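The exercises below ask you to read helix packing, burial and backbone geometry from a set of coordinates. Work through each task before turning to its solution.

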Amino acid sequence: MPLLSRGATGLVTGLMVPDAAPLRPLAFRANRDDVRDVSSTAPRVTAVLGPTNTGKTHLAIERMLGHQNGMIGFPLRLLARENYDRVVRLKGARKVALITGEEKILPPNPAYFVCTVESMPLDRAVEFMAIDEIQLCGDPERGHVFTDRLLHARGTAETMFLGADTIKPLLKRLVPEAQLVSRPRFSTLTYTGEKKLQRLPPRSAVVAFAVAEVFELAEAIRRRRGGTAVVMGALSPRARNAQVGMFQAGEVDYMVATDAIGMGLNMDLDHVAFAKLVKFDGRVPRRLAAPEIAQIAGRAGRHMSDGTFGVTADESSLTPELVAAIEEHRFDPLTRLYWRNARLDFSSLTALLRSLEARPRQPGLITTRDADDHQALATLARDADIATLAPTRDLVRLLWEVCQIPDFRKVMSEQHARLLGQIFRHLCGPTGRLPIDWVAAQVSRLDRADGDIDTLMNRIAHIRTWTYIAHRPDWLPDAASWQERARAIEDRLSDALHDRLTQRFVDRHSGIMARRRHDRADLLASVDAAGEVQVEGQAIGRLHGFRFEPDGDLPKPLLAAAQGALRSEIAMRVRRLSDAPDMEFCLVADGKVLWRGEEVAHLAPGDDMLHPQAALRAVESLEGDARARVRRRVTSFVRAELHRGLGPLLAGEDESAWSGHARAILFRLREGLGVLPRVAIADAVAALPPGERKALARRGLHFGARNLYVPVLLKPRGQALRAALWSAARGASVPALPSGTAATRDPAVSEEFYAALGFVLLGERLLRVDRAETLDATLRRLARQGPFAATVELAKLAGARLEELPTMLPALGYRAVADAAGAVTFHPRPGHPAKRHRPAARRAHRAEVASDHPFAKLKELNLGR
């Protein structure tokens with residue numbers, strides 16, 4: 001037998017609670033003078049009536065806990081959960097059950113049941129029974145459920161109905177045994193007339209009804225007053241609680257809401273302003289009735305604190321008669337309550353529809369029209385396939401249970417009707433259960449937290465429907481796991497929705513100021529280890545090194561609070577930086593000097609390219625000695641880092657004794673940051689004494705056929721340092737560095753920059769200078785043997801594709817020649833060194849061999865020349 005099943009009237013039946021025998025009804029004996037006495041042996045029916053803020057719910061909870069067991073029904077899941085938590089705190093989780101359409105918490109043997117009205121397990125005998133907001137019997141949509149509870153839900157010892165005075169005459173007629181108790185409002189509610197949005201006092205709620213109107217008002221309040229919470233019936237309970245929690249915590253001073261705040265939400269509201277008094281009731285737009293206005297306005301003022309209500313400048317003022325009725329809680333009584341036949345006929349679909357349309361016999365009751373489940377049944381009954389699948393009483397009952405799956409979007413769309421039809425077809429299948437793969441697909445597509453506010457609200461409405469379905473263990477295998485999954489998705493979507501609402505309608509900085517006014521305390525500021533600056537726990541910016549970057553324009557009080565924390569943090573950072581080893585610093589390619597990953601300085605032009613200055617960032621936050629200490633330490637690091645990375649250019653023995661040719665080569669090499677075209681200094685190289693040539697080689701200088709360069713500086717670290725020096729000297733940003741030893745040139749980057757990094761430009765390709773020297777030597781060897789063709793080996797040396805060689809080799813002095821068959825070969829241009837059989841320099845070198853040198857005898861050999 002399933003743990004829970006849903007009966008004909010939409011109430012939960014079949015609840016199995018171990019070791020709990022039904023209680024025998026006791027003889028009736030009413031004590032009209034003392035409703036607090038629970039010692040009476042007769043069943044008592046009491047109606048506690050009055051406006052909001054009269055303590056009715058508090059009284060009912062106290063009465064229930066005075067009995068051995070009890071049950072209370074609330075109009076909203078949100079309100080049921082709030083009071084469940086309250087009873088758990090008083091009695092412990094093992095004694096309390098929560099039952100709503102979407103959430104069930106059932107310990108093994110609960111004594112107290114906190115439920116939504118629709119989900120009350122009325123087949124469970126309890127001593128105490130209570131129904132909250134009983135005046136909802138007059139609600140066109142849900143009234144029939146409340147009326148059913150009014151007529152039939154009873155405790156074996158005591159029953160209590162809670163609600164507004166408007167139901168008093170009909171309640172007395174329908175439940176003549178009820179003792180009527182009126183409770184006055186604890187505080188006074190006063191009308192204050194019309195106020196513009198910008199003049200509304202703090203702790204105000206502005207009421208509208210259409211979603212577009214709510215968002216428009218929220219935007220206006222954000223611009224004028226810094227931010228607002230948003231509460232609508234379309235929000236999930238979790239998102240609604242988060243928005244209310246933000247208001248209660250003082251993060252915002254205002255709330256924009258629909259009539260969803262009319263019940264189930266206890267807030268510290270001082271004023272309620274109606275921006276609209278007309279709402280769409282599902283059929284036509286209509287003006288709010290006086291009791292509805294009072295229900296919403298009554299949220300202002302809690303317990304003994306007085307409240308006020310009024311309208312905004314865009315809404316017409318309330319008439320004196322209406323104001324008097326609200327302030328004095330005098331309203332016309334309800335003249336009719338909505339009713340639906342609870343004895344349904346499941347013999348056929350036609351019989352079921354006919355029984356749902358039955359008329360009440362008692363005066364004061366009218367038949368509910370167009371209830372969602374009734375509409376769904378009528379829609380599916382017109383589907384011939386569905387009608388064919390429900391020939392028996394059990395299947396008709398099953399179809400009725402399927403039709404009671406709620407559409408939380410409140411539109412009863414064709415899409416929802418199709419979903420109900422699919423569910424019924426699956427339940428009529430061989431297994432009698434919903435296919436796991438199908439359910440998984442339906443649920444998975446909702447597990448996305450992206451999208452705007454409307455998208456998230458739509459997904460939440462869908463997943464709440466699946467949460468409801470998951471609580472039918474006879475429909476789903478492993479229902480508990482599906483309940484957890486659906487609830488987890490709803491929670492994620494609700495959190496995302498709360499974030500979107502907060503991002504759109506709350507200026508966080510104004511929220512901090514609102515809390516300050518709310519708590520009447522000084523603002524507390526701090527800087528965490530990551531540099532995030534917080535005021536009252538909210539991030540307002542970040543400290544990067546010694547530079548504070550605020551999140552937008554901050555109010556002066558926030559800046560003043562932040563400055564106090566920043567001064568002490570900056571002083572501590574100065575001390576740490578002054579004593580920090582070089583390993584905590586880094587000089588990156590764009591010229592920035594980082595300390596612990598944060599920029600503290602950047603390179604600026606100095607005496608020459610190899611001796612830049614270190615310019616501090618955020619000097620305005622460093623004063624006097626602190627600034628000097630930071631500058632000294634950063635300058636010391638920069639010098640040491642350049643010596644470590646560019647040593648061959650900076651270090652060495654005294655150069656004053658060297659020849660002018662050697663000093664000229666070093667000077668030009670330093671100007672070129674370690675790379676120098678040989679043609680630019682050819683005379684000095686030719687005249688360089690052999691001893692100095694060897695000395696330069698020991699310092700790491702390589703004499704190539706086309707370039708002089710320092711191989712160690714071609715490594716990535718050397719390239720990054722040279723890029724930083726080039727950037728500092730030119731005052732320009734650093735382009736992207738080429739990766740590897742070959743790359744394609746960026747047309748926007750100058751050839752000078754690539755040359756400073758040690759790259760040779762060959763057509764549109766870049767080749768690192770050492771690779772270019774290797775390629776050049778290979779080409780010369782091939783050219784001495786005659787014209788040559790492009791090969792894969794040459795392409796690999798060039799770091800290019802085979803077809804790119806014809807555009808690259810001309811830069812090295814070769815021209816491409818195509819023969820009649822189209823075959824391309826490469827020929828050295830006139831004057832190219834490869835055309836010479838033996839370079840003149842080598843012939844001169846042979847003439848310089850001394851007569852006593854061992855190789856001198858080779859001159860005497862006759863090799864048949």
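**Exercise 1.** In which helix is Gln719 found? Classify its burial and list its contacts beyond the sequence neighbourhood.

Solution. The model is a predicted one, and in it Gln719 is found in helix H24, which covers residues 716–730. The next step is accessibility: Gln719 has a relative accessibility of 6%, and because buried means under 20% relative accessible area, Gln719 counts as buried. Finally, when neighbours within four places in sequence are left aside, Gln719 is in contact with Leu713, Leu714, Pro738, Leu757, Phe759 and Arg768.

**Exercise 2.** Describe how helix H16 is arranged relative to H15 and to H14, giving the axis geometry, and then the residue classes of each contact.

Solution. Begin with helix H15 (residues 453–470) and helix H16 (residues 479–505), whose axes come within 9 Å and cross at roughly 160°. Since angles over 145 degrees count as roughly antiparallel, H15 is roughly antiparallel to H16. The crossing of H15 and H16 is left-handed, and the residues of their contact comprise 16 nonpolar, three polar and six charged.

Turn next to helix H14 (residues 436–444), whose axis comes within 11 Å of that of H16, with a crossing of roughly 15°. Because angles under 35 degrees count as roughly parallel, H14 is roughly parallel to H16. The crossing of H14 and H16 is likewise left-handed. On the H14 side the contact involves Ile436, Val439, Ala440, Val443 and Ser444, which meet Trp482, Arg485 and Ile489 in H16. Sorted by class, this contact of H14 with H16 has six nonpolar residues, one polar and one charged.

**Exercise 3.** Glu133 and Arg596 are not glycines, yet each has a positive phi; locate each residue in the chain and compare their exposure classes.

Solution. For Glu133, phi is near 55°, and the residue sits in the loop between strand E8 (128–131) and helix H3 (143–152). With a relative accessible area of 12%, Glu133 is buried. For Arg596, phi is about 55°, and its place is in the loop that joins strand E26 (592–595) to strand E27 (598–604). At 48% relative accessibility Arg596 counts as partly exposed, whereas Glu133 is buried.

**Exercise 4.** Characterise the surroundings of Ala615, starting from its secondary structure.

Solution. Ala615 lies in strand E28, which spans residues 613–616. Its relative accessibility is 23%, and Ala615 therefore counts as partly exposed. Once neighbours within four places in sequence are set aside, Ala615 is in contact with Ala601, His602 and Ala604. As a further distance check, the C-alpha atoms of Ala615 and Val593, which are 22 residues apart along the chain, are separated by 9.3 Å.

**Exercise 5.** How many disulfides does a search of the whole structure find, and are Cys137 and Cys586 buried or partly exposed?

Solution. Recall that a disulfide is a covalent bond between the sulfur atoms of two cysteines. A search of the whole structure finds zero disulfides. As for exposure, Cys137 is buried, its relative accessible area being 0%, while Cys586, with a relative accessible area of 32%, is partly exposed.

Methods:
Residues numbered from 1 in each chain as written. Predicted model: local features only at pLDDT ≥ 70, side-chain atom pairs only at ≥ 80, totals over all residues. Heavy atoms only, no water. Helix = DSSP H or I, 4+ residues; strand = E, 2+ residues; numbered from the N terminus. Buried < 20%, exposed > 50% of the residue type's maximum accessible area, 1.4 Å probe, protein only. Contact = heavy atoms within 4.5 Å. Disulfide = S-S within 2.5 Å. Axes fitted to C-alpha atoms, helices over the stretch in contact; angles between N-to-C directions. Parallel < 35°, antiparallel > 145°, perpendicular 65-115°, else oblique. Left-handed = near helix turned anticlockwise from the far one by under 90°. Nonpolar A, V, L, I, M, F, W, Y, C, P; charged D, E, K, R; others polar.
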